[in-house]
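Please look through the sequence and the model below before reading on. The paragraphs that follow go from the chain as a whole to single residues.

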Amino acid sequence: MGFYYFIILFIGLFLILGAGLQAFKHNSFSKIRVIFLSVIGFLLIGLSIFLFTPGSSDIIAELLRLNE
């Protein structure tokens, strides 16, 4: 499972790098595509960091009601 968490982390990093490159290429940080890519990138990085924490599987199972 840790392999997939790293994949999510790297996809998030590539999205943020891509957004930064597009922002410098077009000289605008307020383009909708740059904002969208950076927000999705930060969400994926946050998700992967959460999944790496101990006990995250218990939290997800509780949210999806898989404990019952």
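What share of the contacts in the chain with a separation of 6 or more comes from residues 24 or more positions apart? In this predicted model, such residues account for 56% of those contacts. The elements that make up the chain are 3 helices, with 0 strands, and along the sequence they give the pattern α-α-α.

The overall dimensions can be described in two ways. Along the principal axes, the C-alpha atoms of the chain fill a box of roughly 50 × 20 × 15 Å, and the radius of gyration of the chain is 15 Å, where a compact globule of 68 residues would have one near 11 Å. Of the 68 residues, 22% are buried, and the accessible surface of the chain comes to about 5400 Å², with 73% of that surface belonging to carbon and sulfur atoms.

Helix α1 is a good place to begin a closer reading. This helix covers residues 2-26, which is 25 residues, and from its first C-alpha to its last it reaches 36 Å, close to the 36 Å expected at 1.5 Å a residue. Its buried residues are Tyr 5, Leu 9, Gly 12, Ala 19 and Ala 23, and the helix against which these buried residues pack is α2, residues 32-52. After α1 comes Asn 27, a residue with a positive phi, near 55°.

Helix α1 also contributes to the surface. A nonpolar patch there is formed by Phe 6, Phe 10, Leu 13, Phe 14, Leu 17 and Phe 52, which together have about 620 Å² of accessible area, and α1 gives the most to this patch, with 5 residues. One of the patch residues, Phe 6, is found in helix α1; is Phe 6 buried, partly exposed or exposed? Phe 6 counts as partly exposed because its relative accessibility is 42%, a value that lies between the limits of 20% for buried and 50% for exposed.

A contrasting case is found in helix α3, residues 56-63, where Ser 56 has its place. The relative accessibility of Ser 56 is 5%, and therefore this residue counts as buried, the cut-off for that class being under 20%. When residues up to four places away in sequence are not counted, Ser 56 touches Phe 50 and Leu 51.

Technical notes:
Residues numbered from 1 in each chain as written. Predicted model: local features only at pLDDT ≥ 70, side-chain atom pairs only at ≥ 80, totals over all residues. Heavy atoms only, no water. Helix = DSSP H or I, 4+ residues; strand = E, 2+ residues; numbered from the N terminus. Rg over C-alpha atoms; globule rule 2.2 N^0.38 Å. Buried < 20%, exposed > 50% of the residue type's maximum accessible area, 1.4 Å probe, protein only. Contact = heavy atoms within 4.5 Å. Areas by Shrake-Rupley, 256 points an atom, 1.4 Å probe, with all protein chains shown as cover. Expected span 1.5 Å × (residues − 1). Patch = residues over 30% accessible without salt bridge, like charges linked within 9 Å, V, L, I, M, F, W, Y side chains within 5 Å. Salt bridge = Lys/Arg side-chain N within 4 Å of Asp/Glu carboxyl O.
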